[in-house]
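Here is a short note to read with the structure open beside you. Take the points in order and find each residue as it is named.

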Amino acid sequence: IIDNNQVYSSRLQELIQKKGYRATIALDQQTAMRYFQEQDVDVVLMNSIILQGKYEAFQQKMHTSSPAPELIIISEKGSAEEAEIAIKHGAWDYIVKSGSPRGIIAALSKVISYREKKRHKLQSNKEREFLTPGIVGNSARLRA
């Protein structure tokens, strides 16, 4: 969660943790970027005020971590133009802060499900790469 409103961030963190997810708060982009370098992050929930319209630059910074996290923008007031720009630059979703927190949790659940399916598919593909026709056996030594 990247939001300069500590009270809102803490409430959102509690709600996310009640759903069984791990959530960390950063009050600014610099703190968040340091965290990205240290941890794998699946989803970033970010206040649009912090981005100041610089969606593309932030997305490029996020893509330096592997795999790059998905971005959900949380806006104070909401604007169709801002939402269009955010989605155009790769945001997963755009949610107005004043709305129900259930909307945020629903979007978060969808993106986590998508990431899990994507991760499973990548893992399956990696396992298939090591299959070699004509070789019989499945021991640990053979795999190595």
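**Notes on the fold and a few residues**

1. Start with the layout. From the N terminus on, the elements run α-α-β-α-α-β-α-β-α-α. That gives seven helices and three strands. Keep in mind that this is a predicted model.

2. Next, the overall figures. The protein has 144 residues, and buried ones make up 35% of them. About 9700 Å² is exposed, with carbon and sulfur atoms supplying 51% of that area. Now take the contacts between residues at least 6 apart in sequence: 54% of these join residues at least 24 apart.

3. Look at helix α2, residues 29-38. Which of its residues are buried? They are Gln29, Ala32, Met33 and Phe36. These residues cover an arc of only 100° around the axis, so they sit on the same side of α2. A general rule helps here: an α-helix has 3.6 residues a turn, so residues three or four places apart point the same way.

4. Stay with α2. Gln30, Gln37 and Glu38 are on the other side of the helix, and they are exposed. The cover over the buried residues includes β1 (43-47), α3 (48-51) and α4 (55-62). The N-terminal end of α2 has a cap, Asp28. A side-chain oxygen of Asp28 lies 3.2 Å from the backbone nitrogen of Gln30.

5. Turn to the nonpolar cores. The largest has 19 residues. Those with the most contacts inside it are Ile2, Phe36, Val44, Met46, Phe58, Leu71 and Ile73. At least two residues of this core come from each of α2, β1, α3, α4, β2 (70-75) and α5 (80-88). Another core lies apart from it, with 16 residues. Leu12, Ile72, Ala107 and Val111 are among them. Phe36 is worth a second look: Phe36 is one of the buried residues of α2, and Phe36 also appears in the list for the largest core.

6. Now find Lys97. It is in the loop between β3 (93-96) and α6 (101-129). Is Lys97 buried or exposed? Lys97 is buried, because its relative accessible area is 11% and the cut-off for buried is under 20%.

7. What does the side chain of Lys97 meet? It makes a polar contact of 2.9 Å with the side chain of Asp3. A polar contact of 2.9 Å also joins the side chains of Lys97 and Glu76. Leaving out residues up to four places away in sequence, Lys97 touches Asp3, Asn5, Tyr8, Asn47, Ile74, Ser75 and Glu76.

8. Check the aromatic rings. The count comes to one aromatic pair. The ring centres of Trp92 and Tyr114 are 4.9 Å apart and the planes are at 40°, so the pair is tilted. Trp92 is in the loop between α5 and β3, while Tyr114 is in helix α6, 22 residues apart. The pair therefore links distant parts of the chain. Trp92 counts as partly exposed, at 31% relative accessibility. Tyr114 also counts as partly exposed, at 35%.

9. Finish with Arg102, in helix α6. Arg102 counts as exposed because its relative accessibility is 67%, and the cut-off for exposed is over 50%. Arg102 and Leu15 are 87 residues apart along the chain, and their C-alpha atoms are separated by 9.3 Å.

Note on methods. Residues are numbered from 1 along each chain as its sequence is written. This is a predicted model: local features need pLDDT of at least 70, side-chain atom pairs count only at pLDDT 80 or more; totals for chains, interfaces and linings use all residues. Side-chain values use heavy atoms; hydrogens and water are left out. Helices (H or I, at least four residues) and strands (E, at least two) are DSSP runs, numbered from the N terminus. Buried means under 20% relative accessible area, exposed over 50%, partly exposed in between (1.4 Å probe, protein chains only). Contact means heavy atoms within 4.5 Å. Accessible areas come from the Shrake-Rupley method with a 1.4 Å probe; for residues, only the protein chains shown count as cover. The arc is that of the directions from the helix axis to the C-beta atoms. A polar contact is a pair of N or O atoms within 3.5 Å; within protein, one must be able to donate a hydrogen and the other to accept it, and residues adjacent in sequence count only if both atoms are side-chain atoms. A nonpolar core is a set of buried Ala, Val, Leu, Ile, Met, Phe, Trp, Tyr and Cys residues joined through side-chain atoms within 4.5 Å. Rings of Phe, Tyr and Trp (its six-membered ring) pair if their centres lie within 6.5 Å; planes under 30 degrees apart count as stacked, over 60 as edge-to-face and the rest as tilted.
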